[in-house]
Amino acid sequence: MQVRTRFAPSPTGFLHIGGARTALFSWAYAKRHQGQFILRVEDTDVARSTPEAVQAILDGMHWLGLSYDEGPYYQMQRMEHYKTIIQKMLADGTAYLCYCSKEELDALREQQMQQGIKPRYDGRWRPEVDKHLPMPPAGVPPVVRFKNPDTGVVAWDDLVKGRIEIANAELDDLIIARADGTPTYNFCVVVDDWDMQISHVIRGDDHVNNTPRQINMLKALGANIPQYAHLSMILGDDGQKLSKRHGAVSVMQYDEEGYLPEAVLNYLARLGWSHGDEEVFSMQQFCEWFDLDHITPSAAQFNTEKLNWLNAHYIKACPMDKLMAETSKRLQPLNIYVEASSQLAAAIQLYRERANNLNQLAQDVAFFFAQPQPNSADVEKHITPEAISVMTTFVAKLSHLDWAVEAIHAVMNEVVTEQQIKFPKLAMPLRVMLTGGAQSPSIDQVMYILGREVAIQRINAYLS
RNA sequence: GUCCCCAUCGUCUAGAGGCCUAGGACACCUCCCUUUCACGGAGGCGACCGGGGUUCGAAUCCCCGUGGGGACGCCA
């Protein structure tokens with residue numbers, strides 16, 4: 001059987017981390033089985049869908065590298081097709097017109113809630129044999145409802161959660177077309193999954209409750225029933241549900257915040273899915289391993305610390321060209337404009353080991369290209385009168401030095417021996433003068449990359 | 001309220017009845033390395049929600065609690 005999966009976001013906001021994982025899993029499942037991955041934009045909510053959101057989703061997918069084999073399809077462009085099918089259902093009796101007003105329905109819901117029963121449409125316009133229907137009120141445009149079976153159960157074997165059974169008595173006759181004639185979500189999904197021959201529906205588990213209705217409609221249409229896999233939700237770092245108001249951010253924000261897409265992808269892959277003890281793996285490896293059997297049915301809490309760790313790993317592994325481009329881009333907000341160069345490469349090489357974030361990496365190497373703002377506490381602690389004296393001796397030896405790391409290191413040792421001091425007594429003030437702070441990689445290497453002119457100049461600034 | 005789902009270290013997870021004295025990873029702690037900060041290396045702390053069954057044997061199967069979550073729209 002041909003595997004065809006789809007990612008079907010509604011363009012009412014950016015692509016967030018939960019959607020990204022759903023997309024990733026759907027994508028990987030298709031890849032794993034040499035199938036097709038389809039992107040479908042569910043934009044039937046005209047009031048809330050925006051072109052900006054469509055673009056944001058496309059951008060997010062692109063940044064993550066989740067390419068699709070078909071699409072993007074837009075449901076709004078398929079209107080006529082939906083309407084045709086609704087007419088057909090009206091004709092064959094699997095759907096009917098309902099003239100209830102919103103007010104009527106609200107009242108019904110409220111009454112049912114008070115009685116402690118599940119709020120649902122009571123079927124007052126549902127045609128039955130020997131049932132006398134009220135006269136359609138004049139001037140009220142009807143909605144179309146699906147005539148859901150009222151007995152028996154709907155069941156499916158969820159590929160993540162196992163068998164789920166729902167009594168049809170729990171379901172009501174959902175609206176498939178609004179009073180203005182536009183079809184609604186549950187209906188469009190069914191038609192599209194059918195038309196697009198989706199074999200596996202992988203989606204968030206907030207759709208579990210829609211599944212029985214969709215299966216019933218699929219059956220009414222004589223369509224094949226796809227397999228379903230419902231992914232549990234991702235909670236925020238604080239264990240709270242992610243929402244627009246709380247914690248949910250665009251995947252693009254991870255770019256802005258200095259994360260490599262490889263890290264985000266790898267992190268997401270391990271959030272709710274596992275392959276034994278494997279933690280770090282490429283997307284190619286992921287696509288070979290990915291299966292639905294090893295998806296956790298319970299909700300997962302997002303952990304930024306672990307993402308940071310993965311990001312550090314991918315920064316270490318990142319090709320220098322890309323790292324230079326990323327760093328130089330992230331240096332610009334600091335008003336530092338540098339092209340790719342051997343100096344930039346050397347600086348990055350020194351700092352990439354200790355960075356877990358691209359923005360941090362840029363900040364770390366910034367002092368190579370612009371005068372650093374000295375940390376006053378470090379200055380006070382390390383730039384002592386004794387240190388000034390040591391540095392005066394040291395800087396004098398720099399002008400004629402063969403400018404190489406080994407030579408610099410040798411001259412440092414020389415000064416340390418002559419002055420009968422411990423190495424840090426030289427290294428620390430030097431570090432502060434050169435970098436502005438007390439933390440850096442080996443200061444001989446830093447000084448080498450900084451260059452003789454700049455090094456001498458920065459030291460002298462403290463000696464005058 | 002009704003229906004549905006979920007439950008292993010702080011977090012992500014391994015675990016398909018004996019391989020479990022419950023494994024790995026992040027974080028945390030200690031030590032080593034050391035020129036400061038990191039990287040790295042070696043250790044350590046740390047969990048099967050509770051109660052009943054089933055079984056020779058349960059983290060694993062069943063039931064009941066408890067706790068969490070989701071859904072109940074002319075939203076998707």
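Just after helix α17, G436 takes a positive phi of about 90°, and I would like to start from that point and work outwards. What we have here is a predicted model, in which local features need pLDDT of at least 70, side-chain atom pairs count only at pLDDT 80 or more, and totals for chains, interfaces and linings use all residues. Residues are numbered from 1 along each chain as its sequence is written, chains are lettered from A and ligands numbered from 1 in the order in which they are written, and side-chain values use heavy atoms, with hydrogens and water left out.

The helix that G436 follows, α17, runs over residues 423-435 and reaches 18 Å from its first C-alpha to its last, close to the 18 Å expected at 1.5 Å a residue, where the expected span is 1.5 Å times one less than the number of residues. Helices are DSSP runs of H or I with at least four residues, strands are runs of E with at least two, and both are numbered from the N terminus. Of the 13 residues of α17, 10 are buried, so the helix is largely enclosed by the rest of the structure; buried means under 20% relative accessible area, exposed over 50%, and partly exposed in between, with a 1.4 Å probe and protein chains only. Among the buried residues are L426, M428, R431 and T435, and what covers them includes α13, α16 and α19.

Which helix gives the most to the surface near RNA strand B? That is α17, with 5 residues, where near means that a heavy atom of the residue lies within 4 Å of the strand. In total 63 residues surround RNA strand B, and the closest are D45, G116, R178, R354 and S440. Of the strand's atoms within 4 Å of the protein, 69% belong to sugar or phosphate and the rest to bases. As for individual approaches to a sugar or linking oxygen of the strand, a polar side-chain atom of S10 lies 3.1 Å away, and a backbone N or O atom of R270 lies 2.9 Å away.

Let me finish with the aromatic rings, namely those of Phe, Tyr and Trp (its six-membered ring), which pair if their centres lie within 6.5 Å, with planes under 30 degrees apart counted as stacked, over 60 as edge-to-face and the rest as tilted. The count comes to 19 aromatic pairs. The rings of F25 and F286 have centres 6.3 Å apart and planes at 45°, so this pair is tilted. It links distant parts of the chain, with F25 in α1 and F286 in α9, 261 residues apart, and both residues are buried.

Terms used. Contact = heavy atoms within 4.5 Å. Polar contact = N/O pair within 3.5 Å; in protein donor to acceptor, adjacent residues only side chain to side chain.
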